[in-house]
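Here's a quick briefing to read alongside the structure. Have the viewer open and follow the bullets from topic to topic.

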Amino acid sequence: MGDYPMHRSSLAGLKVPRHLLAKSIASCLDNALDLPYNWPEKVRGVVLGICLARSTVLQDIARALGSKVKATEKGLSELLSRRRLDIRDGSRKTVIETLRRIGRRRLFRYRGKLVLVVDATSYVKLRSRGKEQRMPKIGKVRPNNIPSSETILAPGYNDLWTGLLLQDKTCLGITRRLFTELTALPSQNALEEAEILRAIGLVKEAFGMSVILVADRGFRRKDLLAWLRRDLGIDFVIRIEGKLTVKARGWEGLLQTLAPHWPERFRRFWRDDSKDPLLSTVRAAAVSVALSKQTCLAFNVVCLTPIARKIDPMFLAATLPIQTVREVSMIVTLYSK
């Protein structure tokens with residue numbers, strides 16, 4: 001179900017009110033008569049389980065249908081393994097209809113633009129379920145919970161999400177891509193760019209509006225920032241690392257070395273509505289990063305430094321003006337809780 005619009009994604013950090021699920025999934029079977037023999041019955045069973053459970057988690061679907069998880073998984077795998085099952089066009093239409101049904105009023109807007117969140121998560125999976133042999137046709141990923149300065153790879157798969165930020169500060173997922181090995185595209189970077197383009201196209205077709213891309217440190221590549229700004233003309237607020245050589249305020253050096261000397265603009269809480277708020281100083285400056293010997297990329301950097309706790313600062317690369325630094329930090333801290 002890699003191209004289905006998913007509406008519950010607690011592992012990837014994108015969340016949405018569950019009452020939207022039943023309304024959104026109803027249009028999946030509009031063309032049921034065009035499906036091959038006995039597919040409508042199987043598809044309707046899955047959709048019925050989703051609507052009853054108000055969840056896309058397999059365990060919840062099986063519980064709602066009164067069946068076993070293994071049997072539900074087997075039936076769904078058999079259905080999706082058919083080569084004649086092409087859901088790309090139907091998935092796109094369903095997402096656009098869902099977005100239009102929800103409407104612009106429920107979406108968070110900043111300066112007339114929607115906030116598009118992109119998130120990538122890697123999961124290590126060494127063995128098949130209940131078996132000793134290694135999973136077939138599986139790629140290599142970087143484990144997230146192993147602190148190390150070296151690059152460590154382990155068998156697993158990647159989960160790539162995009163979603164729109166709602167007014168209640170939850171996120172409505174509009175695309176999802178699960179992959180283990182890259183076949184059609186040459187690299188994971190190319191796949192991420194293709195998925196961002198797909199999400200932007202969905203938003204423009206549904207509302208005709210531009211977006212502000214918000215992402216975590218997994219999308220801190222200089223080439224990606226240049227591609228967003230120069231080729232697409234898309235505003236972004238992306239978390240980056242301090243080990244980046246920049247030029248700012250007449251000085252050149254690592255971002256983590258220069259940022260503490262910038263003037264403090266104001267203070268705000270980082271994760272201010274959580275159980276563990278962090279009061280932080282906020283500094284900002286315009287910087288430039290060298291892409292090659294002849295070209296460079298200019299953007300703004302916002303630095304949030306916790307005051308009472310020894311936690312590494314959070315650096316945000318943004319194309320929004322320095323004068324809106326308060327709003328920039330607000331947008332990202334909504335996503336970085």
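Let's start with Leu65, which sits in helix H3, the run covering residues 58-65. Keep in mind that this is a predicted model. Leu65 helps make a nonpolar surface patch, and after that helix come the chain as a whole, a second helix, a strand residue, the salt bridges and the cysteines.

**Helix H3 and the surface patch**

- Leu65 joins Leu48 and Leu52 in a nonpolar surface patch of about 270 Å².
- With a relative accessibility of 36%, Leu65 falls in the partly exposed class, because that class runs from 20% up to 50%.
- Elsewhere in H3, the residues Asp60, Ile61 and Ala62 are buried.
- Right after H3 comes Gly66, and its phi is positive, near 70°.

**The chain as a whole**

- You'll find nine helices and 13 strands in the chain.
- The chain has 337 residues, and 45% of them are buried.
- Take the contacts with a separation of 6 or more: 57% of them are between residues 24 or more positions apart.
- The chain's accessible surface adds up to about 18800 Å², and carbon and sulfur atoms own 50% of that.

**Helix H6**

- H6 takes in residues 188-207, so to speak a run of 20 residues.
- From first C-alpha to last, H6 reaches 29 Å, close to the 28 Å expected at 1.5 Å a residue.
- Which residues of H6 are buried? Among them are Leu191, Ile196, Ile200, Leu202, Val203 and Phe207.
- The buried list for H6 also includes the acidic pair Glu192 and Glu195, along with Ala199 and Ala206.
- Gly208 follows H6 with a positive phi, near 65°.

**Ala248 in strand S8**

- Ala248 belongs to strand S8, which spans residues 245-248.
- Is Ala248 buried or exposed? Its relative accessibility is 3%, so Ala248 counts as buried.
- Leaving aside residues up to four places away in sequence, Ala248 touches Trp262, Ala286 and Val287.
- Ser288 is 40 residues from Ala248 in sequence, yet their C-alpha atoms are 6.8 Å apart in space.

**Salt bridges around Asp235**

- Side chains of opposite charge can pair when their charged atoms come close.
- The structure has 11 salt bridges.
- One of the partners to look at is Asp235, which bridges to Lys113 with the closest N and O atoms 2.5 Å apart.
- That pair connects distant parts of the chain, with Asp235 in strand S7 (residues 235-240) and Lys113 in strand S2 (residues 113-124), 122 residues apart.
- Asp235 has a relative accessible area of 10% and is therefore buried, while Lys113, at 23%, is partly exposed.
- Asp235 also forms a salt bridge with Arg229, where the closest N and O atoms are 2.8 Å apart.
- Shared partners join Lys113, Arg229 and Asp235 into one salt-bridge network.
- Arg229 has 34% relative accessibility, so it counts as partly exposed.

**The Arg176 and Asp159 pair**

- Arg176 and Asp159 meet through their side chains in a salt bridge, 3.1 Å from N to O.
- Arg176 is in strand S5 (residues 171-179) and Asp159 is in strand S4 (residues 154-165), so this bridge ties together parts 17 residues apart in sequence.
- Are these two partners buried or exposed? Arg176 is buried at 17% relative accessibility, and Asp159 is buried too, with a relative accessible area of 4%.

**Cysteines**

- How many disulfides does the structure hold? The count is zero.
- Cys296 has a relative accessible area of 42% and is partly exposed.
- Cys303, by contrast, is buried, with a relative accessible area of 3%.

Methods:
Residues numbered from 1 in each chain as written. Predicted model: local features only at pLDDT ≥ 70, side-chain atom pairs only at ≥ 80, totals over all residues. Heavy atoms only, no water. Patch = residues over 30% accessible without salt bridge, like charges linked within 9 Å, V, L, I, M, F, W, Y side chains within 5 Å. Areas by Shrake-Rupley, 256 points an atom, 1.4 Å probe, with all protein chains shown as cover. Salt bridge = Lys/Arg side-chain N within 4 Å of Asp/Glu carboxyl O. Helix = DSSP H or I, 4+ residues; strand = E, 2+ residues; numbered from the N terminus. Buried < 20%, exposed > 50% of the residue type's maximum accessible area, 1.4 Å probe, protein only. Contact = heavy atoms within 4.5 Å. Expected span 1.5 Å × (residues − 1). Disulfide = S-S within 2.5 Å.
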